[in-house]
Each structure stands twice: as C-alpha cells, then as structure tokens.
Amino acid sequence: MRYAIISDIHANLEALEATLKDIKNQHVDKIICLGDVVGYYPNPNKCVSLCKKSGLISIRGNHDDAALELCPIDNFNPIAQEALLWTAEHLKKENKEWLQQLPDHLVVDDDFLAVHGSPWDPYAYIFSSAGALRSFSYMRTNYPNISICFFGHTHQKALYTSDENSVEEVTRGREYILGNSGLFLINPGSVGQSRDGIPGASYIIYHSEKRGIEFRHIPYDIETTQRKVRAAGLPMMLAERLSHGY
Ligand code: ZN
C-alpha cells in the first residue's frame with residue numbers, strides 16, 4: 001500500500017490544494033491526516049470540505065478540539081487563542097460535526113499508529129530523544145505488534161529510530177528504507193504552517209511493502225494566504241511566519 005501522510009493543515013487552503021495536487025500524481029491508496037485540520041488560517045470550511053471530498057482519513061488535533069470547545073483554550077498562546085475564537089465562530093455546523101466524529105488516534109491497516117502529538121497523549125509534543133524514548137516504551141507496552149508511529153503537532157519533520165534501549169534521530173535526508181527490526185517515530189512536518197525554516201508545505205509518502213519513507217516539500221501561493229489572513233482580520237504574525245517557515 002502507498003499512503004500519503006499529512007498533518008497540521010490549519011485551514012490553509014492554498015497549502016492544502018497544492019499538497020493534494022501533488023498527492024494525486026503519487027498514486028496513493030490512502031491519505032491519512034494526523035489532525036489540526038483547522039485553527040490559525042482563514043479557510044476552515046473550505047479545508048474541511050476538501051478533506052471530505054478527497055476521502056482522507058483523519059484524526060483530531062488540539063486545535064480541532066479547541067475550535068469545537070472540547071478542550072479549554074487557556075493553554076494556547078494569545079495569537080492561537082484569537083485564531084481559535086475566530087475559527088469557532090466561522091466553522092459551519094456540518095463541518096464541526098465532521099471534525100467532532102473523528103477519533104483522537106488510529107491504528108491503520110494493522111500496520112502503523114497515527115497520533116497527533118504522541119502515543120500516550122494527543123496534546124504532548126515530541127521534540128527530543130527523551131520524548132521519543134517515552135513514546136517507544138509506550139508503543140512496546142500498548143501496541144506490541146506495531147513498529148511505526150506517525151505523529152504531528154510540532155510542525156517539524158522528524159524520524160526517530162529505536163532498538164531496545166537507544167534512540168537515534170536520523171532526520172537528514174529525503175528518502176529512507178525502514179529496517180525490519182526496531183521501532184520508528186515519524187513526523188511529516190506541516191501542510192499549513194511549516195516550522196522547519198523552509199516556507200512551503202510538507203508531507204510523507206509511505207510505501208508499506210518496501211517500508212519506504214519519502215519526505216516531500218511542496219511550494220504554494222503563500223501570498224494569497226497572507227492576503228486572506230489580512231482580509232479576515234486574523235493576527236498578521238500568522239501571515240508573516242509563512243514567509244519564513246517558522
Ligand atoms: Zn498544529
């Protein structure tokens with residue numbers, strides 16, 4: 001099976017359209033989204049509609065939960081809070097209902113785990129080997145037959161590998177073949193708000209038979225998104241950061 005693994009769309013329509021266009025040429029069997037479909041950018045309804053139309057399989061992220069009032073917004077920074085209140089006000093009922101019925105994690109085809117933040121808590125960030133180590137031990141206990149976990153939430157590409165007691169971060173290249181032993185934690189980066197220092201959208205192609213991983217980077221029309229942020233009255237910092245990829 002060939003999968004496209006995408007994450008953190010954050011209602012950025014131009015980024016989502018460019019990503020789905022690239023995915024179309026990749027002949028994938030399934031598209032999996034690791035959550036945060038909405039929050040930050042000005043097209044939550046169009047992005048949810050496009051997700052529904054493209055048949056992607058998604059889980060919920062922390063921004064989706066906050067926009068649905070499933071969790072308090074106090075834990076978000078003031079700019080994220082402003083965008084979340086805007087999103088909650090503008091999201092149509094049917095799109096809220098679609099987001100609400102999404103699970104908070106998934107095991108896909110008995111092959112891999114899909115989570116938003118981490119395997120043990122959808123809101124926890126994995127930024128370091130320590131977070132990866134905790135994730136691997138949680139996977140060994142709770143998902144003994146699963147060796148791959150895709151996660152999002154940090155908006156940064158990452159690939160961690162582990163044997164019994166060591167963890168290594170190996171995110172340097174573009175393509176990898178995962179070994180048949182050990183565990184793997186992989187972050188595709190973000191579609192809608194890159195924080196890798198490179199403007200544009202990121203996602204992964206995962207080939208399950210070959211155990212192949214390809215990180216893909218897609219340029220899109222950032223200026224249009226920035227114009228829409230301004231027109232919607234959303235915080236301008238959200239527009240500016242797209243030019244820098246942070
Ligand atoms: Zn996010």
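Which residues are the protein donors of the zinc ion? That's where I'd like to start today. One caveat before the answer: what you have up there is a predicted model.

So, the zinc. Its protein donors are Asp8 and Asp36, each through OD, plus His10 and His155, each through NE2. They sit 2.0 to 2.3 Å from the ion. If you like to read a site off the sequence, the spacing of the donor residues is D-x1-H-x25-D-x118-H. Now, Asp8 belongs to the loop between β1, residues 2–6, and α1, residues 13–24, while Asp36 belongs to the loop between β2, 30–33, and α2, 44–54, so this pair ties together parts that are 28 residues apart in sequence.

What about the geometry? With 4 donor atoms, the angles run from 86 to 177°, and the site comes out as irregular. Why not tetrahedral? Because four donors count as tetrahedral if all angles lie between 85 and 135 degrees, and the range here reaches 177°. Keep in mind too that water is not among the atoms, so sites may look incomplete.

Let me stay with the donors a little longer. Are the two aspartates buried or exposed? Asp8 is buried, and Asp36 is as well. For Asp36 the relative accessible area is 1%, and that makes it buried. His10, which is in the loop between β1 and α1, has 0% relative accessibility and so counts as buried.

There's a backbone detail here that I'd check on the screen. His10 isn't a glycine, yet its phi is positive, about 55°. And Asp36, over in the loop between β2 and α2, also has a positive phi without being glycine, near 60°.

Okay, let's zoom out. The protein has 8 helices and 12 strands. How does the overall size look? For 246 residues, a compact globule would have a radius of gyration near 18 Å, and the protein has 17 Å, which agrees. Measure out the C-alpha trace along its principal axes and you get spans of about 50 × 35 × 30 Å. Buried residues account for 57% of the 246. The accessible surface is about 10700 Å², with 49% of that belonging to carbon and sulfur atoms. And take the contacts between residues at least 6 apart in sequence: 74% of them join residues at least 24 apart.

Now the inside. In soluble globular proteins, nonpolar side chains tend to be buried together. Here, the largest nonpolar core has 47 residues, and the members touching the most others are Ile6, Ile9, Leu16, Val37 and Leu99. Which element gives the most to this core? That's α1, with 6 residues.

Click on Ile6 if you want to see the packing. Leaving out residues up to four places away in sequence, the residues Ile6 touches include Leu16, Thr19 and Ile23, then Ile31, Ile32, Cys33 and Leu34, and also Leu56, Pro188, Val191 and Tyr203. Apart from the largest core there's another one, of 18 residues, with Phe112, Ala114, Ile148 and Ile204 among them.

A few individual residues to finish. Asn43 is in the loop between β2 and α2, and at a relative accessible area of 11% it's buried. What does Asn43 contact, beyond its neighbours within four places in sequence? Ala11, Leu13, Glu14 and Lys228. That last partner is 185 residues away in sequence, but the two C-alphas are 8.7 Å apart.

Then Gln26, in the loop between α1 and β2. Gln26 has 13% relative accessibility, so it counts as buried. Setting aside neighbours within four places, Gln26 is in contact with Arg2, Tyr203, Ile205 and Arg216. You'll remember Tyr203 from the list of residues that Ile6 touches.

And last, Met236, in helix α8, residues 236–244. Buried or exposed? Neither, really: at 30% relative accessibility it counts as partly exposed. Beyond its neighbours within four places, Met236 contacts Val229 and Arg230. For a sense of scale, the C-alphas of Met236 and Arg140 are separated by 43 Å, with their positions 96 residues apart along the chain.

That's my tour. Happy to rotate things if anyone has questions.

Methods: Residues are numbered from 1 along each chain as its sequence is written. This is a predicted model: local features need pLDDT of at least 70, side-chain atom pairs count only at pLDDT 80 or more; totals for chains, interfaces and linings use all residues. Side-chain values use heavy atoms; hydrogens and water are left out. Donors are N, O and S atoms within 2.8 Å of the metal (3.2 Å for Na, K and Ca); water is not among the atoms, so sites may look incomplete. Four donors count as tetrahedral if all angles lie between 85 and 135 degrees; four count as square planar and six as octahedral if opposite donors are over 155 degrees apart and all others between 65 and 115; anything else is irregular. Helices (H or I, at least four residues) and strands (E, at least two) are DSSP runs, numbered from the N terminus. Buried means under 20% relative accessible area, exposed over 50%, partly exposed in between (1.4 Å probe, protein chains only). The radius of gyration is taken over C-alpha atoms; the globule rule is 2.2 Å times the number of residues to the power 0.38. Contact means heavy atoms within 4.5 Å. Accessible areas come from the Shrake-Rupley method with a 1.4 Å probe; for residues, only the protein chains shown count as cover. A nonpolar core is a set of buried Ala, Val, Leu, Ile, Met, Phe, Trp, Tyr and Cys residues joined through side-chain atoms within 4.5 Å.
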